[in-house]
Amino acid sequence: MEGDPALRLRVFDLNCWAIRYLSKRRQERIRLIGDRLCQEGFDLVLLQEVWSEQDYSDLKAKLGGCCPFSHYFRSGVIGSGLCIFSKFPILDTLLYQYSLNGYPYMLQHGDWFCGKSVGLAREVTAPLPPCFWQLHAEYCREKDAYLPHRVVQAWELLQFIRHTAKAADVVLLGGDLNMHPQDVGIRLLRCWTGLRDAFTETKHFEGCEDGCTLIPNNCFTVNSELQPFPLGIRIDYILYKAGSGFTVRCEELQTTTGTAPGMDIPYSDHEAVMATLHVQRTGQAAGVTPSTAVPALVEVLSEARTEVRVGLQAARRQRYSSGRMALLALLLLLLQAAAALGALAGLAEGQPFPKLSFALLAFLALGVLLLATGLHLFHTIEVKMLQGTEEQMRMALGVLQERP
């Protein structure tokens, strides 16, 4: 943007729900997404849940004319699913994987295996560092066992932004946050960083009511998950902030509204979010700092810390339970070893020795020992991560409360 008075930036964000072998009509939808992006000519495209690198390669080939610069972020067992396409040269990239990503034994959810992350790509315009992320899914709002993990992820995300965007003229974030607008995680993120929500700031909005990105008339939506919310929920966001000497405003925001034009299927189980941002150089300081809203920061940070402490207590209970199970399995193995040695020494001479039952019990005890030990180690790591975050929040609260 050097020498240019203004920049009009069109941004596209979508959770593609492109899981190989599991997502319905995945390849067809990826083609539809590519066609839409070619027709619209967006400046920045932020995609999540592109789990297949072949899908990324297909999109890269199709978008070579309109968005020649791209990057695919790799992490976890099956990948982060994050990728970016841009009209502008990408100078460098960075991926940060959250310290807590759910539980490896919750196979039906799979968040741990993909390694939820935040990706950053610094571009030649402005310079503009767009970040995009995906936090742990909610699954059950009434009994949300993953809320402490999402709060930790939100805390790590805002710290990531603070430390990587200090010299940026403009900060842009987009992605599937898996949180409602008034949930503690997103309030903490916005309050601490000063990021503005394109939906609440836009001059013109067109799309689903209330900006919802999970809607009941999407054929891929599990309507039972939306029962408390008949209109749908908004969990996909485009957030932005201007640095010193710049202003940013959202001129227009759109969402898709179900099926793709002329087709019987939507692009994804999420609706896409499309924003038109106007970036202007002013020469004066801009942006919001935490010091401008200390009481609000103290309130939301205290609430977030409470959620982390609740998660910490649950993690300690799980660590204790798994450790006790491992200890009992070890004691059983030791008793079996003593019984086997006694049989070999002839202490039970004349008594039949049930070799098959003994072997099956030994294998069962060994399996329980290995599983329980693994769970104990995992929950020990979880406890340490939650403790570390709680201590960081306590320290930040102390600093805020000391301010006049």
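These exercises, each with a worked solution, walk through a predicted model.

**Exercise 1. Overall picture**

Find how many helices and strands the protein has, and what share of its residues is buried.

*Solution.* Start with the secondary structure: the protein has eight helices and 13 strands. Next, turn to accessibility: of the 404 residues, 50% are buried. Finally, look at the contacts with a sequence separation of 6 or more: 75% of them join residues 24 or more positions apart.

**Exercise 2. The surroundings of D13**

Decide whether D13 is buried or exposed, and work out which residues it touches.

*Solution.* First place the residue: D13 sits in strand β1, which spans residues 6-18. Then check the accessibility. The relative value for D13 is 0%, and the cut-off for buried is under 20%, so D13 is buried.

Now list the neighbours, leaving out residues up to four places away in sequence. D13 touches L46, Q48, G174, G175, D236, Y237, I238, A272 and V273. With one of these, Q48, D13 forms a side-chain polar contact of 2.8 Å.

As a last step, compare sequence and space for one pair: D13 and I84 are 71 residues apart along the chain, while their C-alpha atoms are 9.6 Å apart.

**Exercise 3. T256 and its polar partners**

Find which side chain and which backbone atom lie within polar reach of T256.

*Solution.* T256 belongs to the loop that links β12 (246-255) with β13 (273-281). Its relative accessible area is 7%, so T256 counts as buried.

For the side-chain partner, look at E271: the side chains of T256 and E271 are joined by a polar contact of 2.6 Å. For the backbone partner, go to A272, whose backbone nitrogen is 2.9 Å from a polar atom of the T256 side chain. Beyond residues up to four places away in sequence, T256 touches R36, C208, Y267, E271, A272 and M274.

**Exercise 4. Two partners of helix α4**

Describe how α4 packs against α5 and against α8, giving angle, axis distance and handedness for each pair.

*Solution.* Two packed helices are described by the angle between their axes and the distance between those axes.

- *α4 with α5.* The axes of α4 (residues 147-164) and α5 (residues 184-193) come within 9 Å and cross at roughly 15 degrees. An angle under 35 degrees counts as roughly parallel, so α4 is roughly parallel to α5. The crossing is right-handed. From α4, V151, A154, W155, L157, L158, I161 and R162 take part; they meet V184, G185, L188, L189, W192 and T193 of α5.
- *α4 with α8.* Here the angle is about 55 degrees and the axes are 11 Å apart, with α8 covering residues 355-402. This angle makes α4 oblique to α8. The crossing of α4 and α8 is left-handed. P148, H149, V151, V152 and W155 of α4 make the contact with E382, L386, T389, Q392, M393 and A396 of α8.

To finish, compare the residue lists: V151 and W155 of α4 appear in the contact with α5 and also in the contact with α8.

**Exercise 5. Loop residues and positive phi**

Work out where R25 and N178 lie, and whether each is buried or partly exposed.

*Solution.* Most residues other than glycine have a negative phi. R25 is not a glycine, yet its phi is positive, at about 50 degrees. N178, also not a glycine, has a positive phi of about 55 degrees.

R25 lies in the loop between β1 and α1 (26-40), and its relative accessible area of 38% makes it partly exposed. N178 lies in the loop between β8 (170-176) and α5, and at 10% relative accessibility N178 is buried.

The loop between β1 and α1 also holds S23, which is buried at 9%. A polar atom of the S23 side chain lies 2.9 Å from the backbone oxygen of W17.

**Exercise 6. The annotated segments**

Find which residues the UniProt record annotates as "transmembrane region", and check the secondary structure over 358-378.

*Solution.* The unreviewed UniProt entry gives this annotation to residues 326-346 and 358-378. In the model, residues 358-378 are 100% helix and 0% strand, with end C-alpha atoms 30 Å apart.

Then take R324, which lies in helix α7 (residues 294-344). R324 is partly exposed, at 46%. The C-alpha atoms of R324 and A372 are 8.4 Å apart, although 48 residues separate the two in sequence.

Technical notes:
Residues numbered from 1 in each chain as written. Predicted model: local features only at pLDDT ≥ 70, side-chain atom pairs only at ≥ 80, totals over all residues. Heavy atoms only, no water. UniProt positions renumbered as here; feature names shortened; annotations may be inferred. Helix = DSSP H or I, 4+ residues; strand = E, 2+ residues; numbered from the N terminus. Buried < 20%, exposed > 50% of the residue type's maximum accessible area, 1.4 Å probe, protein only. Contact = heavy atoms within 4.5 Å. Polar contact = N/O pair within 3.5 Å; in protein donor to acceptor, adjacent residues only side chain to side chain. Axes fitted to C-alpha atoms, helices over the stretch in contact; angles between N-to-C directions. Parallel < 35°, antiparallel > 145°, perpendicular 65-115°, else oblique. Left-handed = near helix turned anticlockwise from the far one by under 90°.
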